[in-house]
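Trainee: Before we go through this model together, could you show me how each descriptive word is earned from a value and a cut-off?

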Amino acid sequence: MAEKKKQDEKIAQPIPKPKPREVEKRATRPDIVAIELRRARENRKLSHSDLNRITGISRSVLFGYEAGRTKPGAKELRLLCEALQVSPNRLLFGTDDPFKPRPGLRSLVKMRGSPVGVLAGMLLIPMIFSTLDDEQVESILTLLESLVEARDKDVHRRIAAFVEMFSEEFGNGTPEELSQLAQRVSDPEYFAKLQQKADERLKAQM
């Protein structure tokens, strides 16, 4: 009887639920609103508590904005701009006049597929980035990524796969790593290997 009772108790025990498969946590890239909002708040020397007191927007929501998890609506954007004394364009685009005509740049855009356009891009991009800090460069790249994602999600996925693969392959860009890279870039087999890695990563994400 005692043995039968033990068997009954064993059967009555709930079956443990399978543990959910652990999903690799990916670091989210902050968007341009998050970067500009934090920069504007720090420039005004305001804490999240100060901004909460001025705007009435809760601290948790403000943290979410700066982490890139959520975006402010029209009302919140107006309150933030008034409190931080910045224009909506500054928060949304990273510049006060994003649509100002720039004839020189338009000429480069028209030549972007030509050898002259490619050469100009190779020369200008390092010059532009060298004058900016890391957050400003990240703002530009984030905006470009957002535009590509909105236009063509397949191309965006491919770019994201390449970015992740290059980040793993090249590390933090130390002088030693760049020296090793300089030795490998002339090898066509190396580029074929990178292409294969990116394709495999892209397939795994789909």
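Mentor: What follows is a set of questions about the wording used for this structure, which is a predicted model.

Trainee: What makes this an all-helix description of the chain, and how many helices are there?

Mentor: The protein chain has 12 helices and zero strands, and from the N terminus on every element in the run is written as α. Of the 206 residues in the protein chain, 21% are buried, while the exposed area is about 15,800 Å², with carbon and sulfur atoms supplying 58% of it.

Trainee: Why is Thr-55 called buried?

Mentor: The cut-off for buried is under 20% relative accessible area. Thr-55 has 10% relative accessibility, and therefore it counts as buried. This residue lies in helix H3, and, leaving aside neighbours within four places in sequence, Thr-55 is in contact with Leu-79, Leu-80 and Ala-83.

Trainee: How do you know that the side chain of Thr-55 is placed for polar contacts with the backbone, and which backbone atoms are involved?

Mentor: A polar contact needs a pair of N or O atoms within 3.5 Å, one able to donate a hydrogen and the other to accept it. The backbone oxygen of Leu-51 lies 2.7 Å from a polar atom of the Thr-55 side chain, and the backbone nitrogen of Ile-57 lies 3.1 Å from a polar atom of that side chain. Set against the distance limit of 3.5 Å, the value of 2.7 Å for Leu-51 falls within it, and so does the value of 3.1 Å for Ile-57.

Trainee: What makes Ile-57 buried, given that it lies in a loop?

Mentor: Ile-57 does lie in the loop between H3 and helix H4, residues 59-67, but the word buried depends on accessible area, with the limit set at under 20%. Ile-57 has a relative accessible area of 7%, and so it is buried. Not counting residues up to four places away in sequence, Ile-57 touches Asn-52, Leu-62, Tyr-65, Glu-76 and Leu-80. The C-alpha atoms of Ile-57 and Leu-79 are separated by 8.6 Å, although these residues are 22 apart along the chain.

Trainee: Which residues make the contact between H3 and H5, and what are their classes?

Mentor: The axes of helix H3 (residues 48-55) and helix H5 (residues 74-84) come within 10 Å and cross at roughly 115°, in a right-handed crossing. Leu-51, Ile-54 and Thr-55 of H3 make the contact with Leu-79, Leu-80, Ala-83 and Leu-84 of H5. By class, there are six nonpolar residues, one polar and no charged residues in this contact.

Trainee: What is the make-up of the contact between H3 and H4?

Mentor: H3 and H4 pack at an angle of about 115° with their axes 9 Å apart, and H3 passes H4 in a right-handed crossing. His-48, Ser-49, Leu-51 and Asn-52 in H3 meet Arg-59, Leu-62, Phe-63 and Glu-66 in H4. By class, this contact has three nonpolar, three polar and two charged residues.

Trainee: Why is Glu-66 called buried, and what does its side chain meet?

Mentor: Glu-66, which lies in helix H4, has a relative accessible area of 14% and is therefore buried, the limit being under 20%. The side chains of Glu-66 and Arg-41 are joined by a polar contact of 2.6 Å, and the side chain of Glu-66 makes another polar contact, of 3.3 Å, with the side chain of His-48.

Trainee: Why is Arg-44 called partly exposed, whereas Lys-45 counts as exposed?

Mentor: Exposed means over 50%, and partly exposed covers the range between that and the 20% limit for buried. Arg-44 has a relative accessible area of 37% and so is partly exposed, whereas Lys-45, at 73% relative accessibility, counts as exposed. Arg-44 is placed in the loop between helix H2 (32-43) and H3, and Lys-45 lies in the loop between H2 and H3. Phi of Lys-45 is near 60°, a positive value in a residue other than glycine.

Trainee: What makes Gln-85 exposed, and where is it placed?

Mentor: At 58% relative accessibility, Gln-85 is over the 50% limit and therefore counts as exposed. Its place is in the loop between H5 and helix H6 (88-93). Arg-44 touches Ala-83, Leu-84 and Gln-85, not counting residues up to four places away in sequence.

How values were computed. Residues are numbered from 1 along each chain as its sequence is written. This is a predicted model: local features need pLDDT of at least 70, side-chain atom pairs count only at pLDDT 80 or more; totals for chains, interfaces and linings use all residues. Side-chain values use heavy atoms; hydrogens and water are left out. Axes are lines fitted to C-alpha atoms, for helices over the stretch in contact, and angles run from 0 to 180 degrees between N-to-C directions. Helices (H or I, at least four residues) and strands (E, at least two) are DSSP runs, numbered from the N terminus. A crossing is left-handed if the near helix is turned anticlockwise from the far one by less than a right angle, and right-handed if clockwise. Contact means heavy atoms within 4.5 Å. Ala, Val, Leu, Ile, Met, Phe, Trp, Tyr, Cys and Pro count as nonpolar, Asp, Glu, Lys and Arg as charged, and the others, Gly among them, as polar. Buried means under 20% relative accessible area, exposed over 50%, partly exposed in between (1.4 Å probe, protein chains only). Accessible areas come from the Shrake-Rupley method with a 1.4 Å probe; for residues, only the protein chains shown count as cover.
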